[in-house]
Structures are given as C-alpha cells and as structure tokens.
Amino acid sequence: MTGVSDMPIVEMWTDGACKGNPGLGGWGALLKSGEHAKELFGGEKLTTNNRMELTAVVEALRALKQPSAVTVHTDSSYVMNGMKTWIAGWKRNGWTTSAKKPVKNVDLWQALDAEVGRHQVSWVWVKGHAGDPGNERADQLANDGVDSVR
C-alpha cells in the first residue's frame, strides 16, 4: 500500500514492560502495512520501563526496510512528550534538559531521533489496557520480551 508520496504506509503499536523498575524488561511492536503484519519483541535483564518503551519504537522503526509514512501508536506519555515537546529543546541544548542536566536515556532518544529522520512519522497516544487491539498485542509482545530474558 502506498500513499500520495509513494511511501509505504505503516501503522505500528509499541509497548514496553518491566518487572521491577529497574528490573527484567521487555519491548514489543506490531507493524501493519496493507495485508502484511510483523511482530517484534526483545528484552533486557536489567532495565527500566522508559528504556523499554523507547526501545520498542526504535526497533520497530529500524525494522522498516525503506522510508515510510508511519503512524506510531503508543501508550507511553514519556515517549509522546519526548517526541512532541521535549526533544527539540534537548537537541538545541546539546542533549541537556532545561535544568542543565544530561537527558536520561540519551542513547535511545538519539537513536529514535535518527530513525524518525528516515520516515514521515505521526504520533498517536492510546490509553493502555483499554481494549485497543494493536496496543493489547504490543503489550503481550512486550511481556514475551520479558519472558525471553528470564
């Protein structure tokens, strides 16, 4: 499926999970384009929920083989605020916060910024655990990611 710009159109749902914070963590993503769907997940032994939320989006965008028009559905206010509000200032300030402190998870924010630069990305916040089928599947995949590192 292609859009006016001939870019593939991709819908993705991403989620992170952590058992303990920090603790065992997992991330999951569901990607759909036309009739095609792909599921991704992974995990880390010692991480945080915010790192897993970010990793889910980074890995999902990295999985795209060509520039695409992407709609990211996330239940993470951290990811949404970061991408819509905070990141421009962080970049302007050399990846420091308005309080002149280093940005937490800067490695993942920089990776996400680079991936977003390859695509046309729009962001949609969804309420977690509220019945959105894509979000529910991403949540299950994130938990599969936790299980993969147990």
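# Briefing: salt bridges, paired strands and an annotated site

Seven salt bridges are present in the structure, which is a predicted model. One of them joins the side chains of Glu 39 and Arg 137, and others link Glu 59, Arg 62, Glu 115 and Arg 118 into one network through shared partners. The points below also treat the pairing of strands S1, S2 and S3, and two positions that carry a UniProt "binding site" annotation in an unreviewed entry, Asp 15 and Asp 139.

**The salt bridge between strand S3 and helix H4**

- Glu 39 and Arg 137 form a salt bridge through their side chains, with an N to O distance of 2.7 Å.
- This pair connects distant parts of the chain, since Glu 39 belongs to strand S3 and Arg 137 to helix H4 (residues 133-148), 98 residues apart.
- Glu 39 has a relative accessibility of 41% and therefore counts as partly exposed.
- Arg 137 is likewise partly exposed, its relative accessible area being 28%.

**The salt-bridge network around Glu 115**

- Between Arg 62 and Glu 115 there is a salt bridge in which the closest N and O atoms lie 3.8 Å apart.
- Arg 62 is part of helix H1 (residues 49-62) and Glu 115 is part of helix H3 (residues 106-117), so this salt bridge ties together parts that are 53 residues apart in sequence.
- Glu 115 also forms a salt bridge with Arg 118, where the closest N and O atoms are 2.6 Å apart.
- Through shared partners, the salt bridges unite Glu 59, Arg 62, Glu 115 and Arg 118 in one network.
- Glu 115 counts as buried because its relative accessibility is 11%, under the 20% limit for that class.
- Arg 62, at 44% relative accessibility, counts as partly exposed, and Arg 118, at 33%, counts as partly exposed.

**Strands S1, S2 and S3**

- Strand S1 (residues 9-20) runs antiparallel to S2, and 10 bridges join the two.
- S1 and S2 make a hairpin with two residues between them; Gly 20 has Gly 23 in S2 as its bridge partner.
- S2 also pairs with strand S3 (residues 36-47) in the antiparallel sense, over 10 bridges, and Lys 32 stands opposite Ala 37 in S3.
- The hairpin of S2 and S3 has two residues between the strands, and Gly 34 in this hairpin adopts a positive phi near 60 degrees.
- Strand S2 (residues 23-33) is largely enclosed by the rest of the structure, because nine of its 11 residues are buried.

**The annotated positions Asp 15 and Asp 139**

- The "binding site" annotation of the unreviewed UniProt entry covers Asp 15 and Asp 139.
- These positions span 125 residues in sequence, yet no two of their C-alpha atoms are more than 5.5 Å apart, so they gather at one spot.
- Asp 15 is located in strand S1, whereas Asp 139 is located in helix H4.
- Asp 15 counts as buried, with a relative accessibility of 2%; Asp 139 counts as buried, with a relative accessibility of 15%.
- Leaving aside residues up to four places away in sequence, the contacts of Asp 15 include Gly 26, Trp 27 and Gly 28, as well as Met 52, Glu 53, Asp 75 and Asp 139.
- With residues up to four places away in sequence left aside, Asp 139 touches Asp 15 and His 129.

Conventions: Residues are numbered from 1 along each chain as its sequence is written. This is a predicted model: local features need pLDDT of at least 70, side-chain atom pairs count only at pLDDT 80 or more; totals for chains, interfaces and linings use all residues. Side-chain values use heavy atoms; hydrogens and water are left out. Buried means under 20% relative accessible area, exposed over 50%, partly exposed in between (1.4 Å probe, protein chains only). Helices (H or I, at least four residues) and strands (E, at least two) are DSSP runs, numbered from the N terminus. Two strands pair if DSSP finds at least two bridges between them. A salt bridge is a side-chain nitrogen of Lys or Arg within 4 Å of a carboxyl oxygen of Asp or Glu. UniProt positions are given in the numbering used here, feature names are shortened, and annotations may be inferred rather than shown by experiment. Contact means heavy atoms within 4.5 Å.
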